[in-house]
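Got your viewer open and a selection box ready? Let's take a walk through this one, stop by stop.

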Amino acid sequence: MEGLQENTVRGKDKKVICYHCGDICQNELIVFDEKNFCCNGCRTVYEILKDNDLCTYYDLEKNPGITLKSRDYGEKYNFLDQAEIQHKILDFREENTAKVHFYIPGIHCSSCIWLLENLYRLREGIRYSRVQFTKKELFIDFDPQKISLRQLVSQLATIGYEPFISLEQETRKKQKTVNRTLLIKIGIAGFSFGNIMLLSFPEYFGFEGIDDLVIQRFISWLNVLLALPVVFYCSTDYFRSAYTGLKQHYINIDVPISLGIITLFMVSVTYIAFGIGPGYLDSLAGLLFFLLTGRWIQNKTYEGLSFERDYRSYFPLAVNRMENGFFRTVAVKDLRENDVIHIRNQEIIPADSLLASGEAYIDYSFVTGESRPVLKKRYDLIYAGGRQMGQSIQLTVRKPVSQSYLTQLWNNEAFGKKDDSQLDSMINRISKYFTAAVLFIAFTGLIFWLGINMEKAWFVFTAVLIVACPCALSMSTPFTLGNSMNIFGRNHFYLKNAHVLEKMMKITHIVFDKTGTLTPIGDGKINFKGIPLEKDEKLWISRLISNSTHPLSRQILNSFGQLPSLVDVPVQAYTEVKGKGISGNVEGHKIMIGSSEYLMPEATNGVIPPENDFNHSQVHISINGRSRGYFSIVNHYRDGLGELIRKLGKRYKLSILSGDNETERKNLQSIFPAGTVMMFDQQPDQKLEFIESLQSGGDRVLMLGDGLNDAGALVKSDLGIAVTEDITSFTPASDGIMDASGIHQLDKFLEFSLTSRRIIIASFIISFLYNILGMGFAVLGKLTPIVAAILMPASSISVVIFATFAVNGMAKIKKLI
């Protein structure tokens, strides 16, 4: 403390700025490491950052920190050690992994983002942190064995980013608030603009009434006074953005705008000071008024015309909920606390719940990226996002989860595919050189006109700087792809993100799974051939196959009709071998269901052979080691499949991968083009190898499957689409989920992706033409800075409107809406 006292001096009479937060050091000045701080809190944060080699924080923004004066956290966060409170706040917790997200009101600049995304360097136990800047949200993964939730929150508060903590269980609905600061700036700029114009009326109309030089100079300096808040307050956003970009060695679009504002102000003050003329303060105030008004109109237009950014609302994840003794499918959003839900093998748990029956093995790879199953016992808490591995379970909902959380998990990097966006790369390359080109043209125009007309030279220089805008270029892609995603969503085709739609544009080869993709569930005729089944035996079989989400299992279950509730009939030792079959013990009886090869080693009396069912699928049954026969399922193909394949065959290569035998080869050959590769009896690893072989040959592969036996192939393919008739069968392995009823529109979806690309190209052309014509008129001296300020936001709005209406118009033409 002695060293600290030596570095502490009274600062009441000194206007010294705090190195950390930028506040004036009024009461005391703390000098540490040759830097000034307003309080011990700011100095402590600096020490923490310095000790962890994180002082880059101060390079990104000047005085980026948040003042910590009069903040004493003490025991403020002790309540976070309570298990009940933690359950309400944490998104996930399991052994040494926990996830949480906070609303951080203090996030305000790039330095904030940089520091918060480097938290792992500040404190052991923090593994990952990511900022969602627009929503001021911070997502953190941490090890609760090394850092508690209380310690994590205290650490955030200590460095100036105290989180807002709400104990409400339901998601806090954020009200849309008007950007008051922007409106205030518009008001000030408008007030100054109007009054400067009013004082300049005699000059506008050539009046000779004001001959008194003193009055003229008084009016001129009064205009300067009115322009000061316009320059030093209304323009701050542009200056700050330009300064930040230059510090990072990047010339953004706000650099020429800021240069134009400074030029008009400095030239005007110079003209007035030396009595050359009244300057261009009316143009300056008008420029800021229209720039800010344009920004406000832009924001309102984007809100009204933009695609639904929260596309999760189109994703209809569902779950089986107990109602009157039977399970019925309901949307996740309709789940309430204490609802009992039924989760089958391989299904995702949609809400934090308590295990109500037996034991469960939960795979949290969807949440953590680690595939090690975790054993859960009755009344244990299971977090949303886990996948059940084994027999079906019943859960009691404790914390209904918004499906936005599940879709956020769907977009987890663990399930991503490394494929850079060519459109984004092109936009980034163009934007990199755009501003430099604008500056070159502006200075060239200034030099040219200085020798002809000095007054026009400054107008030309400023107009070029203001009118140029690459914003329309950067907005055309997200608005086009986003609206296209909405169109697909209306047709029950749900994409993970907009980048998936760009991948659709590049597809050259389409691979189909057969069962559940080309064939519907429930439409096929089912017959049992063999030793007739007793009622109890049907119940045992039903109980076993109710654990499976395989299409053939669900067809057999549906064929039994209404049976007594299956909840009270336990299944033990449940096993499912992908592509082969399932087995388990029901009321002491060992039941096996699957292919003949799967049953053969166990069936003491051999497997009953099929009776000329060459065009049927067979699912064999054995009870207590004795074969009882098989279900013969007539393969019925989806309506419109033939027409779909005919259209796709004209543009794409086609292949079929199936885990079934070759009995359907002839039927499929009559539907698919000659030369179509058809591979049967394929195991999951063989399907994956086939996809790899196509890719090694240069093909961009689209894989369509049920998401169960095809998970590996869906991940490996360039674009994996899970086709499902049961929206409870959600798989993170897919890039999209298609309702099976809409598969006949696959050709329209692929064609519309190409249409989206053409709309993006058209938007690029519009943007380029605007900039070429705008700068051309500006260089010729035909464009004033005020008109340029009106045109700049108008160009962005026009491109957004074009993209929105073009997408919807083409969708109507192609009968997608």
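Strand 13 is where the tour begins. Select Lys376 there: lysine 376 is the bridge partner of alanine 360. Now widen the selection to the two strands involved. Strand 12 covers residues 360-363, and 3 bridges join strand 12 to strand 13, with the two running antiparallel. Add one more strand and you have an open sheet of 3 strands, ordered 13-12-15, with antiparallel pairing. Its edges are strand 13 (374-376) and strand 15 (387-388), each of which pairs on one side only.

Before moving on, zoom out for the whole picture. Keep in mind that this is a predicted model. How many helices and strands does the protein have? The secondary structure comes to 27 helices and 29 strands. Of the 817 residues, 51% are buried. If you color by accessible surface, the protein's total is about 37600 Å², and carbon and sulfur atoms account for 55% of that. Contacts reach across the sequence, too: among those between residues at least 6 apart, 67% join residues at least 24 apart.

Next stop, another antiparallel patch. Select residues 340-343, which are strand 10, together with strand 8 (residues 318-323): 2 bridges join them, and they run antiparallel. Pick out His342 in strand 10, the bridge partner of asparagine 320. Keep His342 highlighted and bring in strand 16, where glutamine 394 is also a bridge partner of histidine 342. Strand 16 spans residues 393-399 and pairs with strand 10 in the antiparallel sense over 4 bridges.

If you switch on backbone hydrogen bonds, remember what they do here: strands of a sheet pair through them, either parallel or antiparallel. For the parallel kind, select strand 25.

Is strand 25 mostly covered or mostly open? Residues 653-657 make up strand 25, and 4 of its 5 residues are buried, so call it mostly covered. Strand 18 (residues 509-513) pairs with strand 25 in the parallel sense over 5 bridges. Along that pairing, phenylalanine 512 stands opposite isoleucine 656. Strand 25 also pairs with strand 26 (residues 677-679), again in the parallel sense, this time over 3 bridges. There, select serine 655 and you'll find valine 677 of strand 26 opposite.

Now for helices. Select residues 746-779, helix 26, along with helix 22 (residues 641-649). Their axes come within 9 Å and cross at roughly 30 degrees. Angles under 35 degrees count as roughly parallel, and helix 22 and helix 26 are therefore roughly parallel to each other. To see the contact, show side chains for Leu644, Lys647 and Leu648 in helix 22, and for Leu746, Asp747 and Leu750 in helix 26. By class, that contact has 4 nonpolar, no polar and 2 charged residues.

Stay on helix 26 and add helix 16 (residues 454-467). Which way do the two run? The axes of helix 16 and helix 26 come within 8 Å and cross at roughly 170 degrees. Since the crossing is over 145 degrees, helix 16 is roughly antiparallel to helix 26. Select Val460, Ala463, Val464 and Val467 on the helix 16 side; they meet Tyr770, Asn771, Gly774, Met775, Ala778 and Val779 of helix 26. Color this contact by class and you get 8 nonpolar, 2 polar and no charged residues.

How values were computed
Residues numbered from 1 in each chain as written. Predicted model: local features only at pLDDT ≥ 70, side-chain atom pairs only at ≥ 80, totals over all residues. Heavy atoms only, no water. Pairing = 2+ DSSP bridges. Axes fitted to C-alpha atoms, helices over the stretch in contact; angles between N-to-C directions. Parallel < 35°, antiparallel > 145°, perpendicular 65-115°, else oblique. Contact = heavy atoms within 4.5 Å. Nonpolar A, V, L, I, M, F, W, Y, C, P; charged D, E, K, R; others polar. Buried < 20%, exposed > 50% of the residue type's maximum accessible area, 1.4 Å probe, protein only. Areas by Shrake-Rupley, 256 points an atom, 1.4 Å probe, with all protein chains shown as cover.
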